[in-house]
Amino acid sequence: MKFEEAKSIKSVAIVGTGVIGSGWAARYLANGLHVRATDPAPGAEDRLRRDVDRAWPAITRMGLKAGADRSNLTFTARLGDAVQSADYIQENAPEDEALKARLMAEIDAVAPEQVIIASSSSGLLPSRIQANCRHPERVVIGHPFNPVYLMPLVEVLGGQATRPSALDIAFDFYRGIGMSPLRVRQEIPGYIADRLQEALWREALHLINDGIATTKDIDEAISNGPGVRWAFMGTCLTFHLAGGDGGMAHTLAQFAPALKLPWTKLVAPELTEELSRRLIEGTAEQAKGQSVESLVLQRDNRIVDIMIARDKGASQATHSRG
Ligand SMILES: NC(=O)c1ccc[n+]([C@@H]2O[C@H](COP(=O)([O-])OP(=O)(O)OC[C@H]3O[C@@H](n4cnc5c(N)ncnc54)[C@H](O)[C@@H]3O)[C@@H](O)[C@H]2O)c1
């Protein structure tokens with residue numbers, strides 16, 4: 001069996017059009033692809049078109065590709081209609097293993113066998129999701145980050161039955177639509193980026209639960225601190241610089257003892273009513289009465305500013321080296 005080559009993919013089926021499915025739809029449309037979407041929820045088509053319209057100004061600032069056109073979006077209530085003539089399928093139903101395994105089997109039963117089916121799952125094992133498929137070799141994980149139409153990262157991994165060529169094509173396809181795919185070398189729950197986010201989130205929950213920090217304190221600690229560097233340099237290279245001329249070797253010598261201290265707690269605290277209240281009320285206070293829609297627009301504009309500054313910085317560094 002030969003999969004579609006990445007460059008021959010012209011139409012994508014989106015299964016599930018919530019936050020992530022609509023984000024994928026916007027990114028695919030902005031890259032000149034045709035999108036056929038499906039979702040069983042009442043009113044799903046209106047919400048999808050609204051979300052694509054809301055994303056369009058930020059995407060336009062990032063740069064539309066040839067053929068980008070919102071009229072290339074069609075919607076159908078029937079799963080079979082959406083997937084049977086697609087060149088690539090992106091599944092974005094709720095994060096529930098049984099539901100995804102069932103849905104994958106339904107998609108697999110109607111989609112042509114050379115077409116790759118990618119799941120946006122945030123951390124489920126692909127071997128479990130593909131278990132009921134006739135052609136499990138074409139099932140991959142393509143795990144994006146919200147908002148999908150702006151964030152570059154997509155984690156790509158397969159299950160035990162996935163064929164390596166399916167992963168290669170998914171990887172090339174995502175790179176072709178302006179993303180930075182990351183191949184997860186081993187099938188693990190939570191993959192890489194969410195495992196990192198989850199560790200940070202657990203510590204944040206402890207700090208809030210112990211009354212040490214508010215949700216605002218946590219967010220300021222990240223966005224005015226490590227978060228500024230993380231947009232262009234990850235934890236490892238940052239710590240290399242933290243060692244001065246001695247680099248990472250000096251950092252390790254200086255901070256290794258801290259690894260033995262009980263700085264972090266890692267096992268999550270119980271999500272009690274009181275902790276939930278602090279999180280919900282704290283973030284509502286931070287939002288200062290602004291709607292989610294308004295915050296999303298502000299977030300998108302700032303992401304675009306950061307991406308533009310990041311790309312400019314990277315090209316200046318290349319020129320100064322050359
Ligand atoms: N929200 C995030 O930040 C984020 C980030 C990366 C990945 N993901 C993953 O993306 C997937 C979707 O998450 P979301 O945040 O968009 O959820 P969501 O709740 O916003 O959307 C899920 C959509 O799936 C639809 N749906 C339910 N059953 C369906 C079915 N049988 N067939 C087709 N559609 C169905 C729902 O009607 C809904 O529109 C999950 O696997 C999640 O883990 C989410």
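A polar contact is a pair of N or O atoms within 3.5 Å; within protein, one of the two must be able to donate a hydrogen and the other to accept it, and residues adjacent in sequence count only if both atoms are side-chain atoms. The model shown is predicted, so local features need pLDDT of at least 70 and side-chain atom pairs count only at pLDDT 80 or more, while totals for chains, interfaces and linings use all residues. Residues are numbered from 1 along each chain as its sequence is written, and side-chain values use heavy atoms, with hydrogens and water left out.

**View 1. Surroundings of K10, in the segment before β1 (11–15).** A polar atom of the K10 side chain lies 3.1 Å from the backbone oxygen of K7. Leaving aside neighbours within four places in sequence, K10 is in contact (heavy atoms within 4.5 Å) with L33, H34 and D87. From K10 to A170 the separation is 160 residues in sequence and 14 Å in space, C-alpha to C-alpha. Strands here (E, at least two residues) and helices (H or I, at least four residues) are DSSP runs, numbered from the N terminus.

**View 2. The open sheet of 8 strands.** The strands follow the order β3-β2-β1-β4-β5-β6-β7-β8, with mixed pairing, where two strands pair if DSSP finds at least two bridges between them. Because β3 (73–75) and β8 (180–183) stand at the edges with a single partner strand each, one side of each is left without a neighbour in the sheet. On average, neighbouring strands of this sheet are turned by 25 degrees against each other, direction ignored. Axes are lines fitted to C-alpha atoms, for helices over the stretch in contact, and angles run from 0 to 180 degrees between N-to-C directions.

**View 3. Strands β5 and β6 side by side, and helix α2 on the sheet.** Strand β5 (residues 116–119) pairs with strand β6 (residues 139–144) in the parallel sense over 3 bridges, and the bridge partner of S119 in β6 is I141. Helix α2 (residues 44–62) packs on the sheet, where it touches β2 (34–38) and β3, and its direction makes about 165 degrees with that of β3.

**View 4. The ligand and its shell of 20 residues.** A residue belongs to the shell if one of its heavy atoms lies within 4 Å of the ligand, and those that come nearest are I20, D39, E95, K100 and S122. An oxygen atom of the ligand is 2.6 Å from an N or O atom in the side chain of S122, and an oxygen atom of the ligand is 2.8 Å from an N or O atom in the side chain of K100. A backbone N or O atom of V19 lies 3.1 Å from an oxygen atom of the ligand. Taken alone, the ligand exposes 830 Å², of which the protein buries 71%; accessible areas come from the Shrake-Rupley method with a 1.4 Å probe, and for residues only the protein chains shown count as cover. At least two residues of the shell are supplied by each of α1 (19–30), α4 (97–110) and β6.

**View 5. Two local backbone features, at P147 and Y191.** The peptide bond from N146 to P147 is cis, with omega near 0 degrees, and P147 has its place in the loop between β6 and β7 (153–158). In the loop between β8 and α7 (193–209) lies Y191, whose phi is near 55 degrees, a positive value in a residue other than glycine.
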